[in-house]
Amino acid sequence: MKRFINLNNLYQMAAVLGCMLLGASAMSSCSDDMLTGQPSWLGNSIYERLQDEGNYQTTLRLIDDLGQKEVLSKTGSKTLFVADDEAYAEWFRSNSWGVRSYEQLSEAQKKMLFNNSMINNAYLIELLSNLSGNPPQEGMCMRRATAASEFDSVSVMLPSQMPTTPFWDKHRKKKDGILILKDATASPMIHFMPAFMHTNQITDKDLSILTNGESNSIGDAWVNGKKVIERDITCKNGYIQKVSGVIESSANIAEILRQHPNMSLWSHLIDRYSAPYYSESASRSWHEKTGRLDSVYVLRYFSGISSQRAPLQVDPDDEAVEATLSYDPGWNQYFNYGATTNQGISNDAAVMIVPKDEALRYWWEHDGKVLQDEYHEWDSIPPLVLAELLNVNMLNSFTSSVPSKFGSILNDAKMEMGIKPEHIDSCFMGCNGVVYLSNRVFAPSAYSSVSFPALIHQDIMSIIYWAITQYDFSPFLNSMESYYSFFIPTNNAMLYYIDPTTYGQPVQILYEFYWDSKALLANRVKARRYQIIFDPETGDYTIGSSLGAATTAQIRNRLTDLLDMLIVVGDVESGQDYYKTKGGSVVKVTNAGSPGLMTVSGGYQMETGKPLTVSTIYDQSTSGNGKSYVTDQGMILGASKSVYTTLKRCIPRSRRTRT
């Protein structure tokens, strides 16, 4: 095969000279040329180069059939990643699409093969990892847009392919299925270039794992999982970059899971958070492209990081969902818009650690048996409970999660997760991130924590668990480095909370916390406020007029204070009577360890002589971090009397002096 002369150095010298001659008015254009390395005056066109070579007939057929011959024959700015005919012959023998010859390719498949392999600008390999700027940001880019359109992925989803969740039920009876976009954004290319890997401290060993052993040098360049084997073939309208195999398409993480036979169980669990959303704009665009008046839906996932830079917390009927994933694994153009250093899709991507089916089944029968005993089958696990497992394996940053940095990956307790390179069986590059296929399950600490009873009993303990997660108490309670005693008030107990900031006042305030299942996740817990007339001697009170709804700030202030009072660092069954809480107050415990007989009293309960009975005890100490104690009658409250007031009441009236 003929090889092309690399004219990079010649071009760069010419570009510098051109900049000097053009003067100030052309500085911007010259700067762009230096970024892309585009020589507009060298070589034949891309199309002519492929023709001259003689072994790119399949690529030429794609170009001709898709009407791209004129585009690639004239001047312009393109970078085309091509596989030769031998690579295509191998691909036709073994591809997962089931296509065994060119003639079997559909129009949509041809578009995916071609469009995902072309960038609408001209880039040398050494400059592909640069981002525009003044000066350009070198080694910062790992993803960029291709010629692909979101409409390249329009497909028919048949009832048999729809996830078995209620969100799909209204479409399940449509025997011909529905037209659906796998995402409403076009899929970018993911590439690992030498400069990018050097800048982000990705090692040779990292690249070996990422490429499943096909490369052991960060001097190699990789595009959509294929190695660039001949670089910078210079043409008058751009560059040809020859790759080691056919670039099928840029699948997103959700699609990678769906397509891999050994990720089917995890894919099924992830898809429980998916739903089809009707898109008026997509339907209109589809009509303009095809002339057909079809309804087009978009496949989306309930998630905290989602397209349109906003969480998706409602289903297609605009009803609030029970739980969300950390991010939308089907969002092609994912980026962590909440990160202060992230500038968009270019410089990072997501990661998902996915246990093999057999690893997940083994875990279900052993370490995960606590879930099996509670729910019996995977599909019976409530979304909120299951999300804890899924989300701990969903990482927001690829550059922080390459194998050499596994030690910095933290779990839900902000402790080292424990993942090691030997746990990774294989790796898959997607347009929005990387999938690590693991031979073991990394479970959340929440499943062993003292907060676990509140997680799995949302019917009666949803309020306190919501407070734990919303106010960042999860890392503390999920830590396995300490022993905790956690007193959990039920939702019924949360109806009676006397605001300690109003202690000592003639009219005090009662909070009535309640659960609003219709609200978005961040607003599920609400509270009504009432005036109460309080008798400090008996502890009785009379509810007066309503003060309206508590504000978000008031709810946060009161619940964080309450949580501090419910946690004891240590064992309350050690034989003592009094224990100090996380917040610094004191609780009294009697008949410790005997549910139904055990009582706990905060300062308020000690003053009024009305201890709270512990109805249920959950022992999480064997594989977790302590015990949980459930109270149904009320919640632990601090003392209403100061030390001075208490001492004063102990002094005979005749001996008291005015101060």
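Gly-418 sits in the loop between strand E15 (394–395) and E16, and this predicted model offers a handful of details about its surroundings. With a relative accessible area of 23%, Gly-418 comes out as partly exposed, because the cut-off for buried is under 20%. Once the neighbours within four places in sequence are set aside, Gly-418 is in contact with His-423 and Phe-442. Phe-406 is twelve residues away from Gly-418 in sequence, and the two C-alpha atoms are 7.8 Å apart in space.

Moving along the chain, the next stop is Asn-432, which is placed in the loop between strand E16 (424–430) and strand E17 (433–438). Asn-432 counts as buried because its relative accessibility is 0%. Its contacts, not counting residues up to four places away in sequence, come from several parts of the chain: Arg-143, Asn-252 and Ile-253, then Asp-328, Pro-329, Gly-330, Trp-331, Asn-332 and Tyr-334, and finally Ala-349 and Ala-350.

A few backbone oddities turn up in other loops. The peptide bond that runs from Asn-134 to Pro-135 is cis, with omega near 5°. Pro-135 belongs to the loop between strand E2 (118–119) and strand E3 (143–144). Gln-201 is not a glycine, yet its phi is positive, at about 55°. This residue, Gln-201, is in the loop that links helix H9 (194–199) to helix H10 (204–210), and Gln-201 counts as exposed because its relative accessibility is 59%. Asp-472 is another non-glycine residue with a positive phi, here near 60°. The loop holding Asp-472 runs between helix H18 (458–470) and helix H19 (474–478). At 56% relative accessibility, Asp-472 is counted as exposed.

Turning to the strands, E5 (residues 178–181) is covered on both faces. Ile-178 and Ile-180 point to one side and Leu-179 and Leu-181 to the other, and all of them are buried. Strand E5 also has pairing partners. Strand E4 (residues 154–157) pairs with E5 in the antiparallel sense over four bridges, and within this pairing Ser-155 has Ile-180 as its bridge partner in E5. Strand E11 (residues 296–301) pairs with E5 too, in the parallel sense and over three bridges. Here Leu-179 stands opposite Val-296 in E11.

Farther along, four strands make up an open sheet in the order E19-E20-E21-E22, with antiparallel pairing. Its edges are strand E19 (497–498) and strand E22 (541–549), each of which pairs on one side only. E22 is joined to strand E21 (residues 525–534) by antiparallel pairing over six bridges, and Ile-532 stands opposite Ile-543 in E22. Helix H18 lies across E21 and strand E20 (507–515), running at about 100° to E20.

H18 also matters for the tally of nonpolar residues. The largest nonpolar core has 108 residues, and H18 gives the largest share of this core, seven residues. Which residues have the most contacts inside the core? They are Trp-378, Phe-486, Phe-487, Phe-513 and Leu-559. Leu-559, leaving out residues up to four places away in sequence, touches Trp-466, Ala-467, Tyr-471, Met-494, Phe-513 and Val-525. Another core lies apart from this one and has 27 residues, including Leu-207, Ile-353, Val-434 and Tyr-436. As a general point, nonpolar side chains in soluble globular proteins tend to be buried together.

Closer to the start of the numbering is a helix pair. Helix H3 (residues 46–53) packs with helix H4 (residues 57–65) at an angle of about 145°, and their axes are 10 Å apart. Their crossing is left-handed. On the H3 side, Tyr-47, Leu-50 and Gln-51 meet Thr-59, Leu-60, Ile-63 and Asp-64 of H4. Sorted by class, the contact between H3 and H4 is made of four nonpolar, two polar and one charged residues.

Methods
Residues numbered from 1 in each chain as written. Predicted model: local features only at pLDDT ≥ 70, side-chain atom pairs only at ≥ 80, totals over all residues. Heavy atoms only, no water. Helix = DSSP H or I, 4+ residues; strand = E, 2+ residues; numbered from the N terminus. Buried < 20%, exposed > 50% of the residue type's maximum accessible area, 1.4 Å probe, protein only. Pairing = 2+ DSSP bridges. Contact = heavy atoms within 4.5 Å. Axes fitted to C-alpha atoms, helices over the stretch in contact; angles between N-to-C directions. Left-handed = near helix turned anticlockwise from the far one by under 90°. Nonpolar A, V, L, I, M, F, W, Y, C, P; charged D, E, K, R; others polar. Core = buried A, V, L, I, M, F, W, Y, C linked by side-chain atoms within 4.5 Å.
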